[in-house]
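Walk through this model from one annotated residue outward. The path goes from a loop to the sheet, then to the helices and the two ligands.

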Amino acid sequence: MSANPDRNAKSKYKRILLKLSGEALMGDGDFGIDPKVLDRMALEIGQLVGIGVQVGIVIGGGNLFRGAALHAAGMERVTGDHMGMLATVMNALAMRDALERSNIRSRVMSAIPMSGVVEHYDRRTAIRYLTSGDVVIFSAGTGNPFFTTDSAACLRGIEIDADVIIKATKVDGVYDKDPVKFSEAVKYDRLGYDEVLDQKLGVMDLTAICLVRDHDMPVRVFDMTKPGALLNLVVGGKEGTLIDRG
Ligand SMILES: Nc1ncnc2c1ncn2[C@@H]1O[C@H](COP(=O)(O)OP(=O)(O)OP(=O)(O)O)[C@@H](O)[C@H]1O
Ligand SMILES: O=c1ccn([C@@H]2O[C@H](COP(=O)(O)O)[C@@H](O)[C@H]2O)c(=O)[nH]1
């Protein structure tokens with residue numbers, strides 16, 4: 001995989017919102033952040049910036065904390081969700097660090113004000129940064145409990161007028177059932193929002209799917225562990241599953 005892709009490669013998209021799984025940041029571990037994973041992601045994101053794509057990012061927090069899991073262990077749910085959102089800020093800082101080490105200009109914005117650490121989210125400022133070529137990492141989810149970073153990714157993607165939401169995960173697309181649990185699961189190349197909702201396909205939470213359906217925002221789900229897949233997808237290659245109005 002080259003850090004300098006073909007500069008003549010043409011992106012299908014001008015602006016994307018990339019949702020990165022927090023869990024994927026763990027690599028082979030079972031908690032925290034593997035710097036090697038971050039560096040590889042930074043390299044792949046840099047390839048997109050190199051061909052002129054404007055990149056907004058939302059990172060999950062599942063490698064650190066999830067409110068629902070903390071609640072199941074006895075914590076008050078809203079406190080758990082606040083911890084989950086703070087976890088996404090930590091992941092965002094780690095990703096910015098990896099991007100900057102690869103000489104990719106980047107910004108972190110937070111839905112929860114955190115003066116002195118990161119900028120507070122402001123849509124117009126975010127769009128200005130994206131237009132000037134900076135990668136913008138949107139952290140702290142939506143800023144509200146009871147949501148997920150999938151919903152935050154869809155929300156920010158719609159707000160910044162992205163051409164597509166790209167969900168980078170550990171499976172290579174959307175299946176008729178969870179492929180991690182069922183080896184016989186069958187993959188879709190493309191399916192409609194209502195099919196995801198009707199079949200309650202768990203690749204993304206249903207609140208997020210309702211949001212993208214209502215705003216006709218396409219979502220592509222692909223395997224981030226496959227080297228080169230992100231660039232291939234962005235230049236129009238066949239990767240993962242497309243969810244749209246069908
Ligand atoms: N029908 C399905 N098709 C594909 N994946 C599915 C499906 N149902 C459940 N999944 C599961 O959804 C997971 C994708 O979610 P992902 O790990 O990206 O989690 P997340 O909760 O969005 O991220 P985070 O780790 O940041 O919390 C896959 O690992 C897969 O096991
Ligand atoms: O808008 C949001 C987004 C997230 N949370 C909490 O953070 C964790 C981590 O996010 P994941 O999407 O699960 O990776 C999530 O479980 C929630 O507890 C939130 O409250 N609001």
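Where is Gly61 found? Gly61 sits in the loop between E2 and H2. Keep in mind that this is a predicted model.

Gly61 belongs to a longer list. An unreviewed UniProt entry annotates a "binding site" that covers Gly61, Asp81, Thr142, Gly143, Asn144, Pro145, Phe146, Phe147, Thr148 and Thr149. These positions span 89 residues in sequence, yet no two of their C-alpha atoms are more than 14.2 Å apart, so they gather at one spot.

A second "binding site" annotation, also from the unreviewed UniProt entry, covers Lys19, Leu20, Ser21, Gly22, Gly62, Arg66, Thr169, Tyr175 and Asp178. These residues are spread over 160 residues of sequence, and they are spread in space too, with up to 24.0 Å between C-alpha atoms. Gly22, one of them, lies in the loop between E1 and H1.

Now the framework. The UniProt annotation "domain: Aspartate/glutamate/uridylate kinase", from an unreviewed entry, covers residues 14-223. Over residues 14-223 the chain is 39% helix and 18% strand. The end C-alpha atoms of that stretch are 21 Å apart.

Next, the sheet. It is open and has 9 strands, in the order E4-E3-E5-E2-E1-E6-E8-E9-E7. The pairing is mixed. At the edges are strand E4 (119-120) and strand E7 (190-192), and each pairs on one side only. E7 is joined to strand E9 (residues 241-244) by 3 bridges, and the two run parallel. Within this pair, Leu191 stands opposite Ile243 in E9. Helix H1 (residues 35-50) packs on the sheet. H1 touches strand E1 (15-20), strand E2 (54-59) and strand E5 (135-139). The direction of H1 makes about 150° with that of E2.

Then come the ligands. How many residues surround ligand 1? The shell around ligand 1 has 19 residues, and the closest are Gly22, Glu23, Gly60, Gly62 and Gly202. By class, the shell around ligand 1 holds 7 nonpolar, 7 polar and 5 charged residues. Gly22 and Gly62 are also among the positions of the second annotation.

Ligand 2 is surrounded by 23 residues, with Gly60, Gly67, Asp81, Gly84 and Gly141 the closest. Two or more residues each come from helix H2 (67-72), helix H3 (77-101) and helix H5 (149-159). Which element gives the most to this shell? H3 does, with 6 residues. The shell around ligand 2 divides into 6 nonpolar, 14 polar and 3 charged residues. Asp81 also appears in the annotation that covers Gly61.

Finish with H3 itself. H3 has 25 residues. From its first C-alpha to its last, H3 reaches 36 Å, close to the 36 Å expected at 1.5 Å a residue. Asn103 follows H3, and the phi of Asn103 is positive, near 60°.

Technical notes:
Residues are numbered from 1 along each chain as its sequence is written. Chains are lettered from A and ligands numbered from 1 in the order in which they are written. This is a predicted model: local features need pLDDT of at least 70, side-chain atom pairs count only at pLDDT 80 or more; totals for chains, interfaces and linings use all residues. A residue is near a molecule or strand if its C-beta atom, placed from the backbone, lies within 6 Å of it. Ala, Val, Leu, Ile, Met, Phe, Trp, Tyr, Cys and Pro count as nonpolar, Asp, Glu, Lys and Arg as charged, and the others, Gly among them, as polar. Helices (H or I, at least four residues) and strands (E, at least two) are DSSP runs, numbered from the N terminus. UniProt positions are given in the numbering used here, feature names are shortened, and annotations may be inferred rather than shown by experiment. Two strands pair if DSSP finds at least two bridges between them. Two residues are in contact if their C-beta atoms, placed from the backbone, lie within 7 Å. Axes are lines fitted to C-alpha atoms, for helices over the stretch in contact, and angles run from 0 to 180 degrees between N-to-C directions. The expected span of a helix is 1.5 Å times one less than its number of residues.
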